[in-house]
Amino acid sequence: MTEDSRDRANDDLDDAVNLATDETRRVLAGEPTLPERTPGTLRRRFLKAMGATAVMGASAGCLGLFSDDPEAAGTADDTVDYSEIEEFKLDWIPKQIIKNLNVQVAFNDENVFYRFNWEQPDAGGWYHDYIVYEDGEWTRYANPDPWVADRDHEDHTGFYEDRVTFLLGDGTVKGFENFGGWMTVHMGVRDLPGEGTAEEVENHPHLGDDHLGRNDVRKFIPQSRTGEWWENPWDDIRPQEELDEMLENGEFVELAMFRSHRSGPLGYGTDHHVLDYRHGDEGQDTFGSQGWDEETGPEYMYDPEIIEDGALDIEGLRNAEYPHDVFFDEQDEWVGDDDPYYIHEDWLVEFDPSVAEWEGAAIPRRPLREPDGSAGDYHLNSRWEDGEWTVEMWRALDTGNVDNKVMEEGGVYDWMPAVHHGFNSRWHWVAYPYKLGLGRGTDADVHAERFSGDEPDWEDVTTHTLPLIYPGQVDWTWLISTEHRGYIPTRNDEMSIWDVHENPRRMAAMVLGKEVGEDPRR
């Protein structure tokens, strides 16, 4: 390409961006921002995400790109049982369907570091799961936060922590680089139409009481189920010896989490891997739970030396009066001045109703504790200030644990961050899958930058701004069903979400429309 033609191409691209920006504002009233110092590959993707496809007319997407000929690829035989759930069932949706997440990644000889920053104006996102005494009885406040829905919702009276998470793959899980987290969510998973019931799961020979001891279905990769690689019946799981071999071979997806209540105050993340289930990594994680009863209350309360009345006040929680920055390892600086919003196992004393049974008393259900083993691989710092979260996470490049991915300079990984606010599971905002490369010379969308010393100077590290979308109820079951026009290339792993839904903002509008319209789900 000549210099003149390159200049003309850049001018055309700039015109497209201007048109796309206007179109994006019109469609979703969003304010797109370009990443700072963005590499070329990510720049092109981001421009597409901001609506550049509007210049060329409607996106091909699922509107006509695919052949109707079942002989073109794969098979049209639809033998999968998608259950009797036939629609996207409207429950409630969050106020926002788009969020921007600022990310930076750096590494040295020993560790990889991630820095996340995003707007979250609702104070109190660090509160989570309390047992509350009201009107003469104890009740659990763990339902969605009241501020996350687009309008008042009578069931939103609880507290659920803010989180930032990411999925990490290394090419061993077929399909993950193309569909990311969408291929870990399936019919049967909790909080979706058709979720497996507690009774079904408890009686299941693998998931239930006789093996894993679970009462719900969580993320899994379809390869952990029998049949073709893409088939995903939640209850048809491969034998444990095959799953063990998959784990040893690295055929899983790593999942790291910052939990603003259940791990953040201790300076740790929580570490997981997705295979047949969303497992916590080997070892003790950062939180447990305590039992409680409507009449007799919780098992434990705060030591009165930490909180005089043995409990927090529910009105103080509702008004976000308990500050975020009361970290466990800094307690000498704040004990006596501030009341901690979390409870640590070092502060537990047996519940005494004469001390802590008073109207509005609130006691956390999840005592925190020091992690060990692979469960404690991720360390972090976190701050909520002026309506924004800033979270730094890091772990060893090679933890030596089989349930973590080994990362090395020059390596390229599939990476998909997400932000959670106000509730669990599907009410969150997710990124498309990106390529994360360790080193500037890698063929990647986001580059982790090498630095010298113990920790990075983030002012010297490139910031990338990634658009996150509310994913609605689109899951792998729908994507591989004949209801999805692209089911054949999806089953054959012949396309990426980027190929057919180049604009995440329009994708968000599309999946929201399916939910609001209660479109067919299979």
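1. Let me start with the sheet that caught my eye in this predicted model. Four strands make up an open sheet, running β4-β3-β14-β12, with antiparallel pairing. At its edges are β4 (137–141) and β12 (312–313), each of which pairs on one side only. As general background, strands of a sheet pair through backbone hydrogen bonds, either parallel or antiparallel.

2. Strand β14 is a good place to look next. Residues 361–364 form β14, which pairs with β3 (residues 130–134) in the antiparallel sense over three bridges. With β12, strand β14 pairs over two bridges, again in the antiparallel sense. A362 in β14 is a handy landmark: V132 stands opposite A362, and L312 also stands opposite A362.

3. How are the two faces of β14 covered? A361 and I363 lie on one side, A362 and P364 on the other, and all of these are buried. In general, the side chains of a regular strand alternate between the two faces of the sheet.

4. A short remark on the approach to β3: A123 is located in the loop between β2 (111–119) and β3. With a relative accessible area of 29%, A123 is partly exposed, because buried would require under 20% and exposed over 50%. The C-alpha atoms of A123 and E388 are separated by 9.5 Å, although these positions lie 265 residues apart in chain numbering.

5. Now to the open space. The volume of the largest pocket is about 830 Å³. Its lining has 32 residues, and those nearest the centre are R190, R218, R262, R278 and R366. Two elements, β7 (270–274) and β8 (278–280), give two or more residues to this lining. Of the elements, β7 gives the most, with three residues.

6. What classes of residue line the largest pocket? The lining divides into 16 charged, nine polar and seven nonpolar residues. You may want to display R262 here, since this residue turns up twice: R262 is among the residues nearest the pocket centre, and its charged end sits over the ring of F287, 4.8 Å from the ring centre. Another arginine in such an arrangement is R225, whose charged end sits over the ring of F220 at 3.6 Å from its centre.

7. Enclosed space is also worth a look. The general idea is that rolling a probe the size of a water molecule over the atoms shows where empty space is left. Searching the whole structure gives three cavities of 30 Å³ or more. The largest cavity holds about 430 Å³ of space. It is lined by 27 residues, with V185, K219, S425, R426 and H428 closest to its centre.

8. Which elements supply the lining of the largest cavity? At least two residues each come from β5, β6 (253–259), β17 and β18 (428–430). Strand β17 has the largest share, four residues. By class, this lining contains 13 nonpolar, eight polar and six charged residues.

9. The second largest cavity encloses about 120 Å³. Of its 15 lining residues, F179, L479, H484, H501 and M507 are the closest to its centre. Helices α9, α11 (497–500) and α12 (504–517) are the elements that give two or more residues to this lining, and α12 gives the most, with three. The lining has 12 nonpolar and three polar residues, with no charged ones.

10. Finally, the aromatic rings. The count comes to 34 aromatic pairs. One of them joins F88 and W478: their ring centres are 6.1 Å apart and their planes stand at 65°, so the pair is edge-to-face. This pair links distant parts of the chain, with F88 in the loop between α2 (40–49) and β1 (98–107) and W478 in helix α9 (residues 476–479), 390 residues apart. F88 is buried at a relative accessible area of 0%, and W478 is buried at 5%.

11. A further pair is F166 with W415. Why is this pair called tilted? The planes of the rings lie at 55°, with the centres 6.0 Å apart, so the pair is tilted. Here too distant parts of the chain are linked: F166 is in strand β5 (residues 163–169) and W415 in strand β17 (residues 412–420), 249 residues apart. F166 counts as buried at 1% relative accessibility, and W415 is buried with a relative accessible area of 0%.

Technical notes
Residues are numbered from 1 along each chain as its sequence is written. This is a predicted model: local features need pLDDT of at least 70, side-chain atom pairs count only at pLDDT 80 or more; totals for chains, interfaces and linings use all residues. Side-chain values use heavy atoms; hydrogens and water are left out. Two strands pair if DSSP finds at least two bridges between them. On a 1 Å grid over the protein atoms alone, a cavity is a set of points where a 1.4 Å probe fits but cannot get out, and a pocket is an open set with protein on both sides within 12 Å along at least five of seven lines; lining residues have an atom within 4 Å of a point. Grid points are joined across faces, edges and corners, and a volume is the space filled by probe spheres set on the points. Ala, Val, Leu, Ile, Met, Phe, Trp, Tyr, Cys and Pro count as nonpolar, Asp, Glu, Lys and Arg as charged, and the others, Gly among them, as polar. Rings of Phe, Tyr and Trp (its six-membered ring) pair if their centres lie within 6.5 Å; planes under 30 degrees apart count as stacked, over 60 as edge-to-face and the rest as tilted. Buried means under 20% relative accessible area, exposed over 50%, partly exposed in between (1.4 Å probe, protein chains only). A charge sits over a ring if NZ of Lys or CZ of Arg is within 6 Å of the ring centre and within 35 degrees of the ring normal.
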